[in-house]
Amino acid sequence: MKFFVDTAEVDQIAELNDLGMVDGVTTNPSLILKSGRDILEVTKEIAEMVDGPVSAEVVALEADAMIEEGRKLAKIADNIAVKVPLTWAGLKACNVLSGEGNMVNVTLCFSANQALLAAKAGATFISPFIGRLDDINLDGMELISDIRQIYDNYGYDTQILAASIRTVNHAYQAAMIGADVMTAPPGVIKKMAEHPLTDAGLATFMKDWAKTGQKIV
């Protein structure tokens with residue numbers, strides 16, 4: 001499974017990237033707002049830092065305007081994935097932009113039918129939002145599973161990018177189902193390393209080591 005980092009905070013990306021934990025980055029208007037940075041400036045900086053795809057989202061609502069914005073974003077760097085919403089206009093923009101050789105991430109997916117349309121439109125990535133479905137008492141993981149089956153049934157190349165991941169269980173479940181990619185905040189990725197038994201075992205080892213009176217260096 002590929003790990004994308006869902007943030008526009010450059011320092012947080014750099015820390016994980018240095019550990020080899022970053023296969024790409026996703027941003028959106030809310031994350032750009034939180035960063036307080038200019039979208040073109042921060043996206044360029046991120047794209048220069050990481051080797052994998054960096055999703056930069058259009059903000060227009062009409063297809064022609066989305067295409068215009070997408071082309072501008074794509075010029076920032078070769079590894080930009082233009083992010084468009086899963087609306088009819090977004091699908092039109094996806095079809096044009098992907099036809100021009102751009103990576104396209106179709107976002108805000110909440111149904112298998114939407115995911116099927118995105119694949120037909122040539123999406124590089126489809127971003128089903130797990131956490132937001134959970135918020136309304138629907139099973140976000142069931143959607144990931146449905147999309148996985150449909151794509152496998154027909155051999156679609158569109159990669160399933162599990163998004164709105166809020167917990168380590170979301171990450172684990174998406175990996176078990178077979179999502180190609182997950183995008184998560186840095187804090188969630190870091191929490192994947194944590195386990196109470198690891199902490200307890202380490203505490204015991206350190207206590208016993210202190211009793212030996214030895215040093216390695």
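Trainee: Which residue stands opposite Met 182 in strand 8?
Mentor: In this predicted model, Ala 162 stands opposite Met 182.

Trainee: And what makes strand 7 and strand 8 a pair?
Mentor: Pairing takes at least two bridges between the strands. Strand 7 (residues 159–162) is joined to strand 8 by 2 bridges, and the two run parallel, so they count as paired.

Trainee: How do you know that strand 1 pairs with strand 8?
Mentor: By the cut-off of at least two bridges. Strand 1 (residues 2–6) and strand 8 have 4 bridges, in the parallel sense. Phe 4, for its part, stands opposite Thr 183 in strand 8.

Trainee: Why are both faces of strand 8 called covered?
Mentor: Look at the residues on each side: Val 181 and Thr 183 on one, Met 182 and Ala 184 on the other, and all are buried. Buried here means under 20% relative accessible area. The split fits a general pattern: in a regular strand, side chains alternate between the two faces of the sheet.

Trainee: What do strand 7, helix 9 and strand 8 make?
Mentor: A right-handed β-α-β unit, with helix 9 spanning residues 168–177.

Trainee: Now the helices. Why is helix 1 called roughly parallel to helix 3?
Mentor: Helix 1 (residues 10–18) and helix 3 (residues 39–49) pack at an angle of about 5 degrees, with axes 11 Å apart. Angles under 35 degrees count as roughly parallel, so helix 1 is roughly parallel to helix 3.

Trainee: Which residues meet there?
Mentor: Val 10, Ile 13, Ala 14 and Asn 17 from helix 1 meet Val 42, Glu 45, Ile 46 and Met 49 from helix 3. By class, that contact has 6 nonpolar, 1 polar and 1 charged residues.

Note on methods: Residues are numbered from 1 along each chain as its sequence is written. This is a predicted model: local features need pLDDT of at least 70, side-chain atom pairs count only at pLDDT 80 or more; totals for chains, interfaces and linings use all residues. Side-chain values use heavy atoms; hydrogens and water are left out. Axes are lines fitted to C-alpha atoms, for helices over the stretch in contact, and angles run from 0 to 180 degrees between N-to-C directions. Angles under 35 degrees count as roughly parallel, over 145 as roughly antiparallel, 65 to 115 as roughly perpendicular and the rest as oblique. Contact means heavy atoms within 4.5 Å. Ala, Val, Leu, Ile, Met, Phe, Trp, Tyr, Cys and Pro count as nonpolar, Asp, Glu, Lys and Arg as charged, and the others, Gly among them, as polar. Buried means under 20% relative accessible area, exposed over 50%, partly exposed in between (1.4 Å probe, protein chains only). A crossover is right-handed if, with the strands pointing away from the viewer, the path from the first strand over the helix to the second runs clockwise.
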